[in-house]
Amino acid sequence: MIQVKPPGLFSRGKLTLPPSPHITKEALVHQLNQSWGARGFEAYPSKLINCDVILKKSGWTGLAMQIKHQPHGTVILFNAFSPSVMVRLLAMGLIPVLILNANSWKPLVREFCDYAQGCPLFLGQLGGGAAHPQLGPGAMMPGGYGGAPITNAYAPPGAGHPAAQGHPPAQGHPGPGYPQGPAAMGQGAMGQAPPPAGAMPPPSAPPHGWN
């Protein structure tokens with residue numbers, strides 16, 4: 001459940017979320033650029049005090065956000081902000097601030113409050129739920145998460161042999177236990193064809209020491 005408290009003229013707004021350690025500067029910048037970038041907004045990390053991320057519409061108009069992780073929840077503080085340093089220096093007076101608040105900041109703050117209540121990152125979806133857009137609801141990741149099993153590259157020898165699975169060996173392929181190599185092809189050790197049937201073998205040399 002997200003609780004949204006809009007900012008006042010001199011106070012910061014607050015988003016109160018359940019414990020959300022997945023919300024970091026980088027994750028928030030990525031989510032905001034995905035959601036707001038097509039409309040000309042730009043989100044980027046900030047090194048200013050009490051400001052982690054800036055959402056910029058123009059040099060005059062933007063929002064500053066600060067992420068606070070607490071033991072019982074996560075709080076995101078936000079307020080109207082002028083991203084340009086020069087504009088901030090020129091708008092030190094109260095009248096420019098009132099003009100900006102009425103014409104630019106208020107509509108942006110209202111839109112951000114509405115957006116925050118349905119933001120995927122704030123609702124606990126890592127990466128905004130867009131890590132695998134090609135997978136529909138209930139789809140499983142390939143290779144071990146309900147998809148096709150991963151082939152074991154280190155299976156014992158013969159585990160994938162047709163004969164080991166109860167299938168006869170392929171034609172021209174000896175099954176297990178049959179001789180292999182040149183002798184299995186009907187040739188001798190020197191690659192010569194065997195003698196025809198009925199032929200007498202050539203006489204062999206007498207043993208050593210016989211005359």
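1. Where is the place of Asn-50 in the protein? In this predicted model, Asn-50 belongs to the loop that lies between β3 and β4. Its backbone deserves a look, since Asn-50 has a positive phi of about 60° although it is not a glycine. The residue counts as partly exposed, with a relative accessibility of 47%.

2. As to the overall make-up, the protein contains three helices and six strands, and, read from the N terminus, its elements follow the order β-β-α-β-β-β-β-α-α. Of the 211 residues in the protein, 26% are buried. Among the contacts with a separation of 6 or more, 50% are between residues 24 or more positions apart.

3. The six strands form an open sheet with antiparallel pairing, and their order across the sheet is β1-β2-β6-β5-β4-β3. The edges are taken by β1 (3-5) and β3 (42-45), each of which has a single partner strand, so one side of each is left without a neighbour in the sheet. On average, and with direction ignored, neighbouring strands of this sheet are turned by 20° against each other.

4. At the β3 edge, the partner is strand β4 (residues 53-56), which runs antiparallel to β3 and is joined to it by four bridges. Two of the residue pairs can be located directly in the structure: Glu-42 has Lys-56 as its bridge partner in β4, and Pro-45 has Val-53 as its bridge partner there. The loop between these strands is the one that holds Asn-50. Cys-51 is buried, at 5% relative accessibility, whereas Asn-50 is partly exposed at 47%.

5. Moving inward, β4 pairs with β5 in the antiparallel sense over four bridges, and a hairpin of five residues joins the two strands. Within this pairing, the bridge partner of Ile-54 in β5 is Ala-64. The next step, from β5 to β6, is also a hairpin, here through two residues, and nine bridges join these antiparallel strands. In this pair of strands, Leu-63 stands opposite Ala-80 in β6.

6. Strand β6 (residues 73-81) is mostly covered, for eight of its nine residues are buried. Besides its pairing with β5, β6 pairs with strand β2 (residues 13-17) in the antiparallel sense over five bridges. A reader tracing the sheet may note that β2 and β5 are the strands on either side of β6 in the sheet order.

7. Which residues are in contact with Leu-77, leaving aside its neighbours within four places in sequence? They are Arg-12, Gly-13, Lys-14, Ala-64, Met-65, Gln-66 and Lys-68. One of them, Lys-14, has Leu-77 as its bridge partner in β6, while Ala-64 is the bridge partner of Ile-54 on the β4 side. Leu-77 itself is buried, with a relative accessible area of 12%, which falls under the 20% cut-off for a buried residue. Leu-77 and Pro-6 are 71 residues apart in sequence, yet their C-alpha atoms are 9.7 Å apart in space.

8. Helix α1 (residues 25-36) lies across β3, β4 and β5 (62-70), and it runs at about 175° to β3. The helix has twelve residues and reaches 16 Å from its first C-alpha to its last, which is close to the 16 Å expected at 1.5 Å a residue. The buried residues in α1 are Leu-28, Val-29, Gln-31, Leu-32 and Trp-36. Seen down the axis of α1, these buried residues fall within an arc of 165°, so they line one face of the helix. The spacing fits a general rule: an α-helix has 3.6 residues a turn, so residues three or four places apart point the same way.

9. A last point concerns the cysteines, which a bench reader may wish to check. A search of the whole structure finds zero disulfides. Cys-51 counts as buried at 5% relative accessibility, and Cys-113 is likewise buried, with a relative accessible area of 8%.

Conventions:
Residues are numbered from 1 along each chain as its sequence is written. This is a predicted model: local features need pLDDT of at least 70, side-chain atom pairs count only at pLDDT 80 or more; totals for chains, interfaces and linings use all residues. Side-chain values use heavy atoms; hydrogens and water are left out. Two strands pair if DSSP finds at least two bridges between them. Axes are lines fitted to C-alpha atoms, for helices over the stretch in contact, and angles run from 0 to 180 degrees between N-to-C directions. Contact means heavy atoms within 4.5 Å. The expected span of a helix is 1.5 Å times one less than its number of residues. Buried means under 20% relative accessible area, exposed over 50%, partly exposed in between (1.4 Å probe, protein chains only). The arc is that of the directions from the helix axis to the C-beta atoms. A disulfide is a pair of cysteine sulfur atoms within 2.5 Å.
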